[in-house]
Amino acid sequence: MTKKKDLQRLLIFLGYAFGLTWLFFLVAVPMGSTWSEMTTYRQSFVSLGMLGPLVAHILTRLVTKEGFKLSGKDSMMLGMSFRDRKWVYFLLALILPWVILELGNAVAILLCPDLLDLNYAESLGVDTKIFLLQPLSAMVSGVIVSFAAFGEEGGWRAYMMPKLFKLFGEKKLPALIIGGIIWGLWHAPLTCIGHNYGTEYPGFPFLGILMMCISCILLGIILSFLSERSGSVWPAAFMHAVFNAHPTALIGLMNDEKIDPVKAL
Amino acid sequence: MGGLLYNAFVSVRGKKMIRISGIVTILFILVKRIFPGWRVITRYVSYDKNGVMTSDLDILLSLLPAVLIITALDVVNIWNSRCIESDEKNKIRTYLAALPLGKNAYVASKYVFIGITYFVLLSLSYVWYITAGAFSIDAYAIQMIDISMSLLMPVFSFALLISAEELFLFLVLGKKKAMMIKVGVCLLLGIAFVGWLLFGNLYIIEEGFYVDKLVDWMKTHTFEVVLIQILSPVISLLIYFGSYKLCCWFYNRKERDYD
């Protein structure tokens, strides 16, 4: 009975999360334009759709009368505690995106040495020191301007994942995989206009959607771990925000215009 | 802690404020989405010598977020005193003594509440500027939005510093004494400003206060701009935390004397 109720609530949440956000994308994205054709401000405006899952979470709680408990079991996970070494998860949330992205870039350079261009920053006319500051800048802005990432995590990590964990009981992996797929599919309208992977790749847009689902599964595992262990949605929100701010210094040495990604693969 | 935060929220009429800011945000998005200025109201559109489209309406609407932010920051500044004034009036300290709360919980609740308010306001400010930028066509308006957005962090850091100092004064000295000090400082600053207007070198305004100069400086000193954006919130947050710790120490000493 409880499982059936949880499933119903989850479906209501997903209905709101997908419906509201996709409707917003429909209104916000200029008809027929791709991600790269939009101005930076228009891209940021479209990104405000990230607040959709949080709104869906609040609406679902209103409809299902689950209450608005701030912290603890079955809560909105909005509390923040640094006791019992929980501060470690906050620290991990800030540092992990940097480590992951730098490792990713290092692997990319190792696999494709043509990417390395020591004069790339200069050729762009950008002060090289700015690239050195980029990880720190991303961490600070990730924490302070984390409202958009909080919008997503406030829905996925604070509502969807606890419900999925309840539905699957002891088996955490299927819940994480399904959660990642749902999260990846939610991005589909943006992937279809070229966000993340562009529009010029073989298998567009289906391969992009598949790739997004895979990355969401992998990132979702770390984010769920952080929010479950800390009992708060904030470490996940901070990590998501820092990740979106691209905390990498190596990017200033990587000239991707020199290589053809398909040939490189 | 949740109860104390709710108490602070009620004392500043938080629900009303949320409703007002929500309505303002939705209205602003609708105005910018439905009336992007350059497209609908053609009499506000003109072309410069190079044939670039300019719109007075765009420029006017790009200034609106700054007006909203200054108003909101003033309101938050009033909240610093209002949430403590309401507690003094209702003798909250007597009730708190009977509750199983940590000795720093009351002071922490005030600092956390004002911190959350700044976080929400900063987020709203970004929403307003992003909306203004997304539907603007005028290059000058977009340039002004760029500058304003890069100034958001330093402005909010400064506002947080003022709150760190005001909360400390209001909690430690009480509303009356703190207000006297605040008025005294404002008067001193006012007198200093009038003195400068009367006897100072006013040519500085004429020579150095152009927006274009600021724009040029920001364009040529990108590293410094990024550094200010990173350091200003970090330093002000550290000072805010220091103010909280110091306030706890003084407040507990005051409580001991009170007992």
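## Two helical chains, one predicted model

In chain A, 78% of the contacts with a separation of 6 or more are between residues 24 or more positions apart. Keep in mind that this is a predicted model, with scores of ipTM 0.89 and pTM 0.89.

**Chain A overall**

Chain A has 12 helices and 0 strands, so reading the elements from the N terminus on gives you α-α-α-α-α-α-α-α-α-α-α-α. Its radius of gyration is 19 Å, and the globule rule gives 18 Å for 265 residues, so chain A is as compact as a globular protein of that length. If you prefer box dimensions, the C-alpha trace of chain A spans about 60 × 45 × 35 Å along its principal axes. As for burial, 37% of the 265 residues of chain A count as buried.

**Two bent helices in chain A**

Helix 4 of chain A covers residues 87-111, which is 25 residues, and runs 36 Å from its first C-alpha to its last, close to the 36 Å expected at 1.5 Å a residue. Helix 6 of chain A has 17 residues that should span 24 Å at 1.5 Å a residue, and its end C-alpha atoms sit 25 Å apart, which agrees. Neither of these end-to-end figures tells you about the bends, so here they are:

| Helix | Bend | Bend residue | Proline that follows within four residues |
|---|---|---|---|
| Helix 4 of chain A | about 35° | Ile95(A) | Pro97(A) |
| Helix 6 of chain A | about 45° | Gln134(A) | Pro135(A) |

Which residues of helix 4 of chain A are buried? They are Tyr89(A), Phe90(A), Ala93(A), Leu94(A), Pro97(A), Trp98(A) and Leu101(A). The spacing in that list fits a general rule. An α-helix has 3.6 residues a turn, so residues three or four places apart point the same way. The cover over the buried residues of helix 4 of chain A includes helix 6 (128-144), helix 10 (206-230) and helix 11 (234-244) of chain A.

Helix 6 of chain A has its own buried set: Gln134(A), Pro135(A), Ala138(A), Met139(A), Val140(A), Gly142(A), Val143(A) and Ile144(A). Both the bend residue Gln134(A) and the proline Pro135(A) are on that list.

**Backbone oddities in chain A**

A few loop spots deserve a look if you check torsions. The peptide bond from Phe204(A) to Pro205(A) is cis, with omega near 0°. Pro205(A) belongs to the loop between helix 9 (188-192) and helix 10 of chain A.

Then there is Arg85(A), with a positive phi of about 60° although it is not a glycine. Arg85(A) sits in the loop between helix 3 (52-64) and helix 4 of chain A, and with 9 other C-beta atoms within 10 Å it is exposed. Another non-glycine with a positive phi, about 50° here, is His246(A). You'll find His246(A) in the loop between helix 11 and helix 12 (261-264) of chain A. His246(A) counts as partly exposed, with 14 C-beta neighbours inside 10 Å.

**Chain B**

Chain B comes to 10 helices and 2 strands, and its elements run α-α-β-β-α-α-α-α-α-α-α-α from the N terminus on. Of its 259 residues, 27% count as buried. Among contacts in chain B between residues at least 6 apart in sequence, 81% join residues at least 24 apart.

How confident is the predictor? Chain B averages a pLDDT of 84, and 88% of its residues score at least 70. Among the elements of chain B, helix 5 (residues 105-134) has the highest mean pLDDT, at 92, while strand 1 (residues 45-47) has the lowest, at 63. Where pLDDT is low, the predicted coordinates should not be read in detail.

For one residue up close, take Val155(B), in helix 6 (residues 139-173) of chain B. Val155(B) has 17 C-beta neighbours inside 10 Å and so counts as partly exposed. Its C-alpha is 9.7 Å from that of Leu73(B), which is 82 residues away along the chain.

**Where the chains meet**

At the interface, 16 residues of chain B are in contact with 16 residues of chain A. On the chain B side, helix 5 and helix 10 (222-258) each supply at least two residues, and helix 5 of chain B gives the largest share, 8 residues. What is that side of chain B made of: nonpolar, polar or charged residues? It divides into 11 nonpolar, 5 polar and no charged.

Technical notes:
Residues are numbered from 1 along each chain as its sequence is written. Chains are lettered from A and ligands numbered from 1 in the order in which they are written. This is a predicted model: local features need pLDDT of at least 70, side-chain atom pairs count only at pLDDT 80 or more; totals for chains, interfaces and linings use all residues. pLDDT is the predictor's confidence in each residue, from 0 to 100. The expected span of a helix is 1.5 Å times one less than its number of residues. The bend at a residue is the angle between axes fitted to the seven residues ending there and the seven starting there. A residue is buried if 20 or more other C-beta atoms lie within 10 Å of its own, exposed if 12 or fewer, and partly exposed in between; C-beta atoms are placed from the backbone. Two residues are in contact if their C-beta atoms, placed from the backbone, lie within 7 Å. Ala, Val, Leu, Ile, Met, Phe, Trp, Tyr, Cys and Pro count as nonpolar, Asp, Glu, Lys and Arg as charged, and the others, Gly among them, as polar. The radius of gyration is taken over C-alpha atoms; the globule rule is 2.2 Å times the number of residues to the power 0.38.
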